[in-house]
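Dear colleague,

I am passing on the structure we spoke about, and below it you will find my notes on what came out of it. Please read them with the model open beside you.

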Amino acid sequence: MNPPPPAFRFGIDLGGTKTEAIALGRDGRELARRRVATERGSYDGTIRTIKALVEGLDAELGGTGSVGIGIPGTISPKTGLVKNANSTWLIGKPFDRDLEAALGRPVRLANDADCFTLSEASDGAGAGFATVFGVILGTGVGGGIVVHGRLVAGPNAIAGEWGHNPLPWPTDAERPGPACYCGRRGCIETFLSGPGLARDHGGGLTAEAIAAASDPTEQATLERYYQRLARALASVINIIDPHVIVLGGGLSKMEPLYRTIPHLWGNWVFSDHVDTMLRPPAHGDSSGVRGAAWLW
């Protein structure tokens, strides 16, 4: 006889600066939520953090939950180890197996941008659209693709990883571009992530502070950011022609993006008119963690 399904679905969003956990009932209702700082640089610390979050939810709800985790990388189909993670201490580790051993239950892992996109395509800003491209603009830059309600994975488990393409149509001042942890230079992530925005401004201010400022120096930095994001998304539109692009991550909260980028990206899209929509996430910061819970 098969065991009964877990009473709850737990989702974990492992971010570069924070780790969030959510518990959903079988009907999808949110029952509990916790958020803690990510223990950067420590693989064992990451395992401990997730274990504490899951066991805390178990205790709070009086039952066990299935565990889905969104990570800033993916599991290599070839080796079974983490690859492409900007949380570099995860790279080369059997993260899913170590988590299962620590938690004493099965675990499902997916790329955090895939979790975000699946959530928004299911019942968020991308609901009802045939092709959805989801974007993470945060500590790193990631992407996911959902077509007719199904997540596109691909044989290399990298579908949507636009952040490690070179910034398209670069100016002379943008060449060769900042060094990236992936070993190359000029990746989209090095320009459009939160740390990339702060670095472009010359340091001293966080991306959030730059976005909130109104003096000419900060505005010039933001104008460069808008133009780069428009070029980068235009290259996505030229390849997969999505019906809607949904932005997530901390930088997605910059309201001018949704007015400015569609006004700019037509300069690089190979079409006489651009009908692609650009939307903020319906579920805000919760989208990635909700998508992780729905991996089960």
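**Helix 7 and its surroundings**

Directly after helix 7 comes Asp241, which has a positive phi, near 50°. Please bear in mind throughout that this is a predicted model. At the other end of helix 7, Asp215 acts as the N-terminal cap, with a side-chain oxygen 2.9 Å from the backbone nitrogen of Thr217. The helix itself covers residues 216-240, and because a rise of 1.5 Å a residue predicts a span of 36 Å for its 25 residues, the 36 Å found between its end C-alpha atoms agrees with that expectation.

Helix 7 also takes part in a link between distant parts of the chain, since Arg231 forms a salt bridge with Glu174, with 2.8 Å between the closest N and O atoms. Glu174 lies in the loop between strand 10 (150-151) and helix 4 (188-192), 57 residues away from Arg231. Arg231 counts as buried at 2% relative accessibility, and Glu174 is likewise buried, at 7%.

Asp200, which belongs to helix 5 (residues 194-200), is partly exposed, with a relative accessible area of 27%. Beyond its neighbours within four places in sequence, Asp200 touches Thr221, Arg224 and Arg228, and its side chain makes a polar contact of 3.2 Å with the side chain of Arg228.

**The sheet**

Five strands make up an open sheet of mixed pairing, in the order 3-2-1-4-7. Strand 3 (30-37) and strand 7 (107-111) are at the edges with a single partner strand each, so one side of each has no neighbour in the sheet. From one strand to the next, the twist averages 15°. Strand 2 (residues 18-24) pairs with strand 3 in the antiparallel sense over seven bridges, and Ala23 has Ala32 of strand 3 as its bridge partner. Helix 1 (residues 43-61) packs on the sheet, where it touches strands 1, 2, 3 and 4, and its direction makes about 150° with that of strand 3. Helix 3 (residues 112-123) lies across strand 1, strand 4 and strand 7, at about 90° to strand 7.

**Other salt bridges**

The structure holds 18 salt bridges. Among them is the one between Arg259 and Glu255, whose closest N and O atoms are 2.2 Å apart; Arg259 is exposed at 52%, whereas Glu255 is partly exposed at 45%. Through shared partners, salt bridges also join Asp13, Lys18, Glu20, Glu30, Arg33 and Arg35 into one network.

With best wishes

Key. Residues numbered from 1 in each chain as written. Predicted model: local features only at pLDDT ≥ 70, side-chain atom pairs only at ≥ 80, totals over all residues. Heavy atoms only, no water. Pairing = 2+ DSSP bridges. Helix = DSSP H or I, 4+ residues; strand = E, 2+ residues; numbered from the N terminus. Axes fitted to C-alpha atoms, helices over the stretch in contact; angles between N-to-C directions. Contact = heavy atoms within 4.5 Å. Buried < 20%, exposed > 50% of the residue type's maximum accessible area, 1.4 Å probe, protein only. Polar contact = N/O pair within 3.5 Å; in protein donor to acceptor, adjacent residues only side chain to side chain. Expected span 1.5 Å × (residues − 1). Salt bridge = Lys/Arg side-chain N within 4 Å of Asp/Glu carboxyl O.
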